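Visitor: I am new to this structure and should be grateful for a close look at one part of it. Please begin with the aromatic rings and the charges beside them, and then continue to the pockets.

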Amino acid sequence: MSTEAAATMEIETVPSESKPESNPLPPKPKFEPLKAHEMSDGRVQFRKVSVPPHRYSPLKKYWMDIYTPVYEQMKIDIRMNLKARKVELKTRQDTPDISNLQKCADFVQAFMLGFDVPDAIALLRLDELYVESFEIKDVKTLRGEHLSRAIGRLSGKGGKTKFAIENSTKTRIVIADTKIHILGSFANIKIARDSLCSLILGSPAGKVYSKLRQVSARLAERF
């Protein structure tokens, strides 16, 4: 039955209509990245960094070391306002990135806190670096000789303890009176801060060294 039905059926073949060729899409437009002054609608952006009295002489001495990378590499205008005693920074027409202004302000601020120019210049080149500041009284309220001994424990004989913490945690530390400034990545700052807090609270340096050895070995494994 099925073969007879198939024989009697008339099959009409309809010629397939040729589809019109779809128009090719126009090429994607390529836009140049916006310049700093274009992102802010042509407005000039400013930053001001105050100069403490004790950093005035070092600023004069190392001015060209600060000026050259900021002006030539980051394309940011920089000047010293003698009347206001502030370093002023501003964007210009050829500033490639708007974030350069904040990076330069952080770099100058790090120098004012007491970091050396080669250490502070890392803030311009690396994105994941920060400066963290705290005071000894934030950890423990100390006065008189107790405070002096705590500062002595932090630096060690000839700065030995401070250098040991810096080298094992890949950070830079400035101890200015009762204020402590740490420059480094977020994780490394935490390790250095924990070590410094242990010293402030009265831990002997040997105990802090042994803990640093364990932590630095763990850091080396991670990287």
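Guide: The charged end of Arg55 sits over the ring of Phe111, 4.6 Å from its centre. A charge sits over a ring if NZ of Lys or CZ of Arg is within 6 Å of the ring centre and within 35 degrees of the ring normal. Arg92 likewise lies over the face of Tyr71, at 4.3 Å from the ring centre.

A word on the basis of this account is in order. The model is predicted, so local features need pLDDT of at least 70 and side-chain atom pairs count only at pLDDT 80 or more, while totals for chains, interfaces and linings use all residues. Residues are numbered from 1 along each chain as its sequence is written, and side-chain values use heavy atoms, with hydrogens and water left out.

The structure holds three aromatic pairs. Rings of Phe, Tyr and Trp (its six-membered ring) pair if their centres lie within 6.5 Å; planes under 30 degrees apart count as stacked, over 60 as edge-to-face and the rest as tilted. Phe111, the ring beneath Arg55, pairs with Tyr62: the centres are 6.3 Å apart and the planes stand at 75°, so this pair is edge-to-face. Tyr62 lies in the loop between helix H3 (56-61) and helix H4 (63-73), whereas Phe111 belongs to helix H5 (residues 99-113), so the pair ties together parts that are 49 residues apart in sequence. Helices (H or I, at least four residues) and strands (E, at least two) are DSSP runs, numbered from the N terminus.

The two partners differ in exposure class: Tyr62 counts as partly exposed at 34% relative accessibility, and Phe111 counts as buried at 2%. Buried means under 20% relative accessible area, exposed over 50%, and partly exposed in between (1.4 Å probe, protein chains only).

The rings of Trp63 and Tyr67 also have their centres 6.3 Å apart, but their planes are at 35°, so that pair is tilted. Both residues lie in helix H4, four residues apart, about one turn of the helix. Tyr67, at 24% relative accessibility, counts as partly exposed. Ring pairs link Trp63, Tyr67 and Tyr71 into a cluster, and Tyr71 is the residue whose ring face lies under Arg92.

After H4 comes a loop that leads to strand E2 (76-81), and Lys75 lies in this loop. Phi of Lys75 is near 55°, a positive value in a residue other than glycine. Lys75 is partly exposed, with a relative accessible area of 28%.

The pockets come next. On a 1 Å grid over the protein atoms alone, a cavity is a set of points where a 1.4 Å probe fits but cannot get out, and a pocket is an open set with protein on both sides within 12 Å along at least five of seven lines; lining residues have an atom within 4 Å of a point.

Helix H5, the home of Phe111, gives the most to the lining of the second largest pocket, with five residues. This pocket has a volume of about 190 Å³; grid points are joined across faces, edges and corners, and a volume is the space filled by probe spheres set on the points. Its lining includes Lys103, Asp106, Leu123 and Tyr130. The elements that give two or more residues to this lining are H5 and strand E4 (130-135). At least three lining residues come from each of domain 1 (42-126) and domain 2 (127-222), with bounds from an automatic or database domain assignment.

The largest pocket holds about 240 Å³ of space. Of the 13 residues that line this pocket, the closest to its centre are Lys190, Ile191, Asp194, Val215 and Arg218. Helix H11 (186-200) and helix H12 (205-222) are the elements that give two or more residues to the lining, and H12 gives the most, with seven. The lining divides into six nonpolar, two polar and five charged residues; Ala, Val, Leu, Ile, Met, Phe, Trp, Tyr, Cys and Pro count as nonpolar, Asp, Glu, Lys and Arg as charged, and the others, Gly among them, as polar. Val215 is found in H12 and is buried, with a relative accessible area of 18%. The C-alpha atoms of Val215 and Ile191 are separated by 7.9 Å, although these residues are 24 apart along the chain.
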